[in-house]
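User: Please take a close look at the second largest pocket and at a residue that touches its lining. A connected account would suit a reader new to this model.

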Amino acid sequence: MIGCEKGVLTTDFLVSFLCLSFIVSYLMVTASYRMDYANEERILTDLRVLMDELAGKINLVLAGGPGHEVIFTTPTSIHGSRYQLWVNSTGVYGMVNGRYGRSLIYPTTVVDSSGNPRRIMLRPGLTYSIKNLKRGNGTIIMITEAK
């Protein structure tokens, strides 16, 4: 009879330990998922802040009138993630980890260093000059790499 009681107690312990292991494993997976999600949101938020900062500088140059110029430096990465940043006449666009974002700018013509209207790609870790230039009766925004 004593042997049976010890066996029942051991079986109860094993079943309880197995259930506890499943619960702990589930909690660890959930916590890991939540931390990854929070990190992804932090990266996307920082991309959004970068796009809004660039859009603000473009709008500032546009409002400053012909001859106004500002310098903008892009970070080398966003929390270790590679990103892309580009500007055209409709806004500032960015992409990180396969997700896109857009920040609006006032309607204007954005040109490259040759004066051609086009999409301007801003590479990470470089410094750019954003200038307001007079063209005909209107103004244009020229974005060039600063030396």
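Analyst: A pocket is an open set of points on a 1 Å grid over the protein atoms alone, where a 1.4 Å probe fits and protein lies on both sides within 12 Å along at least five of seven lines; lining residues have an atom within 4 Å of a point. The model is predicted, so local features need pLDDT of at least 70 and side-chain atom pairs pLDDT 80 or more, while lining totals use all residues. Residues are numbered from 1 along each chain, and side-chain values use heavy atoms, without hydrogens or water.

The second largest pocket has a volume (the space filled by probe spheres set on the points) of about 160 Å³. Its lining consists of Arg-82, Tyr-83, Gln-84, Leu-85, Met-95, Val-96, Asn-97, Met-121, Leu-122, Arg-123 and Pro-124. Two or more of these residues come from each of the strands (DSSP runs of at least two residues) E2, E3 (91-96) and E6. E2 contributes the most, 3 residues. By type, the lining has 7 nonpolar, 2 polar and 2 charged residues.

Thr-74 is in contact (heavy atoms within 4.5 Å) with several residues, among them Tyr-83, Leu-85, Leu-122, Arg-123 and Pro-124. Thr-74 sits in the loop between strand E1 (69-73) and strand E2 (83-88). Thr-74 counts as buried (under 20% relative accessible area, 1.4 Å probe, protein chains only) because its relative accessibility is 3%. The Thr-74 side chain also reaches the backbone nitrogen of Gly-125 at 3.0 Å.

Technical notes: Helix = DSSP H or I, 4+ residues; strand = E, 2+ residues; numbered from the N terminus. Buried < 20%, exposed > 50% of the residue type's maximum accessible area, 1.4 Å probe, protein only. Polar contact = N/O pair within 3.5 Å; in protein donor to acceptor, adjacent residues only side chain to side chain. Nonpolar A, V, L, I, M, F, W, Y, C, P; charged D, E, K, R; others polar. Lists of a residue's contacts leave out its neighbours within four places in sequence.
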